[in-house]
Amino acid sequence: MIASVRGTVTATGPDQAVIEVGGVGLAVHCAPGTLAELRVGQSARLATSLVVREDSLTLYGFADDDAKALFELLQTASGVGPRLAQAVLAVHTPDAVRKAIANADTAALTRVPGIGKKGAERLVLELRDRIGPVPIGADGAAGVTGGAWPEQVRQALIGLGWTAGQADQAVAAVAETVDGETPPVPVLLRQAIRLLGRTR
């Protein structure tokens with residue numbers, strides 16, 4: 001079991017990064033929010049989960065051990081594989097997922113592509129008693145300092161396949177809607193994706 005990797009980021013793509021560890025480049029599948037934190041040429045540490053299939057070995061990477069633990073727990077629910085579990089964590093923070101499951105908030109869970117009403121209800125039914133403590137006031141998203149979010153959202157959009165120009169336009173459009181306290185990065189990223197979805 002590869003529990004974590006630490007090394008130099010040698011490449012990033014739409015859904016994965018390559019981390020060089022001891023001369024070996026490991027392809028690690030990551031959610032957009034995690035990829036946005038990585039910089040080519042810099043050192044990084046990712047908590048990882050190795051998914052073994054008959055025909056493949058796939059390494060999934062996370063910003064911290066909490067996200068990794070939740071990724072593995074989500075897969076214990078029927079009908080949830082690694083890609084869907086990672087999609088959940090691409091849309092919501094671990095705290096938000098716990099809160100949604102604990103409160104039977106199926107509306108929040110169905111915001112994840114690939115999860116319908118029945119799937120959300122099944123997640124609640126199967127994981128509610130195993131989700132762990134829910135932080136008071138957990139609202140969903142990782143906070144971010146005011147100046148950091150535009151670059152994080154821009155990098156995430158580029159990682160998802162949009163051009164730098166499209167990403168810049170979307171970030172500028174989203175920035176115009178920010179008034180007062182800056183919303184969390186996942187919220188801003190979803191807003192940018194919605195805007196770009198109209199232009200495709």
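The exercises below concern the contact between domain 1 and domain 2 in a predicted model.

**Exercise 1.** State which residue ranges the domain assignment gives, and how far apart the C-alpha centres of domain 1 and domain 2 lie.

Solution. The assignment divides the chain into domain 1 (4-62), domain 2 (65-128) and domain 3 (149-198). For domain 1 and domain 2, the C-alpha centres are 22 Å apart.

**Exercise 2.** Describe the extent of the interface by residues in contact and by buried area.

Solution. Step one: 13 residues of domain 1 touch eleven residues of domain 2. Step two: the two domains bury about 970 Å² between them, and 60% of this is on carbon and sulfur atoms. Step three: of the area that domain 1 buries against domain 2, 47% comes from Ser-49, Tyr-60 and Phe-62, more than from any other three residues.

**Exercise 3.** Find the salt bridge between domain 1 and domain 2, and test it against the distance cut-off.

Solution. The count between the two domains is one salt bridge. Arg-45 pairs with Asp-65, and their closest N and O atoms are 3.6 Å apart. The cut-off is within 4 Å, so the pair qualifies. Polar contacts are counted separately: three residue pairs between domain 1 and domain 2, both residues at pLDDT 80 or more.

**Exercise 4.** Assign the domain 1 side of the interface to secondary structure elements and residue classes.

Solution. Two or more residues come from each of β4 (43-53) and β5 (56-62). β4 gives the most, with six residues. By class, the domain 1 side that touches domain 2 has seven nonpolar, four polar and two charged residues.

Note on methods
Residues are numbered from 1 along each chain as its sequence is written. This is a predicted model: local features need pLDDT of at least 70, side-chain atom pairs count only at pLDDT 80 or more; totals for chains, interfaces and linings use all residues. Side-chain values use heavy atoms; hydrogens and water are left out. Domain bounds come from an automatic or database domain assignment. Contact means heavy atoms within 4.5 Å. Buried area is the accessible area (1.4 Å probe) that two parts lose on being put together, summed over both. A salt bridge is a side-chain nitrogen of Lys or Arg within 4 Å of a carboxyl oxygen of Asp or Glu. A polar contact is a pair of N or O atoms within 3.5 Å; within protein, one must be able to donate a hydrogen and the other to accept it, and residues adjacent in sequence count only if both atoms are side-chain atoms. Helices (H or I, at least four residues) and strands (E, at least two) are DSSP runs, numbered from the N terminus. Ala, Val, Leu, Ile, Met, Phe, Trp, Tyr, Cys and Pro count as nonpolar, Asp, Glu, Lys and Arg as charged, and the others, Gly among them, as polar.
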